[in-house]
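Subject: Handing over the structure

Hi,

Here is the structure I promised to pass on to you. Please open it alongside this message, and then read on for a short tour of what turned up.

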Amino acid sequence: MTRAINFSAGPAALPEPVLQRAAAEMLDWHGSGMSVMEMSHRGKEYMAIHAQAEADLRELMAIPANYKVLFMQGGAIAQNAIVPMNLLRGRTSADYVHTGEWSKKSIQEAKKYCEVRIAATAEASRFTHVPPRTEWQLDPNAAYVHICANETIGGVEYHWTPDTGDVPLVADMSSNILSRPVDVSRYGLIYAGAQKNIGPAGLTIVIVRDDLIGQALPVTPSVFDYKQLADNDSMLNTPPTYAIYIAGLVFQWLKDQGGLDAMAAHNERKAALLYDFLDASSFYVSPVAKADRSRMNVPFRLKDESLDEAFLKGAQERGMVQLKGHRSVGGMRASIYNAMPIEGVQALVDYMKEFEARHG
Ligand code: PMP
């Protein structure tokens, strides 16, 4: 068996020990005689898995007691609608910061539910930076302020937490959750699709301050009403049980690695290796402003685009997959989430050097 060095933006590589453990437990989970996939979600075995996953996530992120953790479905895209449905709370508008493709999608969807004010936009730099807080025009009457903490396509990440005063800060952390510690108390709500740093696609995690829930629009589907979900331990309907089990194994793996401080150090080292190389090269370019570069998704271009295909083919031959940039921007993108070992990034840099020597 050969495992690829997988730079996919998501669904993305998972830690190998997690996959091995899932394989070992596939037919018979802890002597139950069942796969986790086959268990009743109301049975004591699954309920224990579910409770442990939540407890481990709370411990890893140091989630304060006044925040609910919800296991949902529909992905981050569904949250683009679910957030305004739940958080408008009688208000009529929300503030959004536009930093790229994913915040744009959030903005477009929210417009179905409320007036959307663009508090700041990175359009002037073609979405290669995060607008500094001093440029934001916030409305004190907004229901919330929405940001995308890491733009997976553009490779632009907040390395600071915006102060939004009394207006709750909402963050789409789909592509950087669990990559480093965050002060959850600075946010009203955090959401993330699972398929990058958490586990399999099909699970969405929402962390929400409890005073913000309970005022969903009357049309809100029950399974998308945060309060109803919170009151039912995310089991208003059948939750994505197997995805939650794998997420739980990932949380245990993260604890074994030393938690989020250790992850942050690991991710910083990996990102520095790649960015330092890009900056020293005149063959490759990194389009993103240095201060706002993502530690999870590293877009880069070959100055000579006619070499793109040869670059990707050579990478594939060396076991490196999914390096092609998003179809909307082209070029390359290396996604280096928690599960990517530093050896994988080193292999990429070695290959990039070799390719440059041959074609530069
Ligand atoms: N937001 C961000 C930052 C993302 O990276 C993605 C997926 N790549 C989404 C939203 C959409 O997530 P989903 O496909 O889980 O709905």
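Let's begin at the ligand: one of its oxygen atoms is 2.9 Å from an N or O atom in the side chain of Gln195. Please keep in mind as you look that this is a predicted model. The neighbouring position in the chain matters as well, since an N or O atom in the side chain of Lys196 is 2.9 Å from a nitrogen atom of the ligand. Thr152 also takes part, with a polar side-chain atom that lies 2.4 Å from an oxygen atom of the ligand.

Which residues are around the ligand? Besides Thr152, Gln195 and Lys196, they are Gly75, Ala76, Ile77, Trp102, Cys148, Asn150, Asp172, Ser174 and Ser175.

Two of those names come back in the helix packing. Helix 3 (residues 75-87) packs against helix 4 (residues 101-110) at an angle of about 45°, and their axes are 9 Å apart. That angle makes helix 3 oblique to helix 4. Their crossing is right-handed. From helix 3, the contact uses Ile77, Asn80, Ala81 and Pro84, while helix 4 brings Trp102, Lys105, Ser106, Glu109 and Ala110. Sorted by type, the residues of this contact are 5 nonpolar, 2 polar and 2 charged. Ile77 and Trp102 thus appear both in this contact and around the ligand.

A second pair to look at is helix 2 (44-61) with helix 6 (residues 241-257). Here the angle is about 40° and the axes are 9 Å apart, and the two helices are therefore oblique to each other. How is their crossing handed, left or right? It is left-handed. On the helix 2 side, the residues that meet helix 6 are Tyr46, Ile49, His50, Gln52, Ala53, Asp56, Leu57, Glu59 and Leu60. They face Thr241, Ile244, Tyr245, Gly248, Phe251, Gln252, Leu254 and Lys255 in helix 6. This contact divides into 9 nonpolar, 5 polar and 3 charged residues.

The third pair is helix 8 (residues 308-317) and helix 9 (residues 342-359), which pack at an angle of about 135° with their axes 11 Å apart. Helix 8 and helix 9 are therefore oblique to each other too, and helix 8 passes helix 9 in a right-handed crossing. Ala310, Phe311, Gly314 and Ala315 of helix 8 make the contact with Tyr351, Met352 and Phe355 of helix 9. What kinds of residues are these? They divide into 6 nonpolar, 1 polar and no charged.

Finally, there are two backbone details to check. Most residues other than glycine have a negative phi, and most peptide bonds are trans. The peptide bond from Gly10 to Pro11, however, is cis, with omega near -10°. You will find Pro11 in the loop between strand 1 (5-6) and helix 1 (16-24). His30 has a positive phi of about 50°, although it is not a glycine. To locate His30, look in the loop between helix 1 and helix 2.

Enjoy exploring, and write back with any questions.

Best wishes

Terms used:
Residues are numbered from 1 along each chain as its sequence is written. This is a predicted model: local features need pLDDT of at least 70, side-chain atom pairs count only at pLDDT 80 or more; totals for chains, interfaces and linings use all residues. Side-chain values use heavy atoms; hydrogens and water are left out. Axes are lines fitted to C-alpha atoms, for helices over the stretch in contact, and angles run from 0 to 180 degrees between N-to-C directions. Helices (H or I, at least four residues) and strands (E, at least two) are DSSP runs, numbered from the N terminus. Angles under 35 degrees count as roughly parallel, over 145 as roughly antiparallel, 65 to 115 as roughly perpendicular and the rest as oblique. A crossing is left-handed if the near helix is turned anticlockwise from the far one by less than a right angle, and right-handed if clockwise. Contact means heavy atoms within 4.5 Å. Ala, Val, Leu, Ile, Met, Phe, Trp, Tyr, Cys and Pro count as nonpolar, Asp, Glu, Lys and Arg as charged, and the others, Gly among them, as polar. A residue is near a molecule or strand if one of its heavy atoms lies within 4 Å of it. A polar contact is a pair of N or O atoms within 3.5 Å; within protein, one must be able to donate a hydrogen and the other to accept it, and residues adjacent in sequence count only if both atoms are side-chain atoms.
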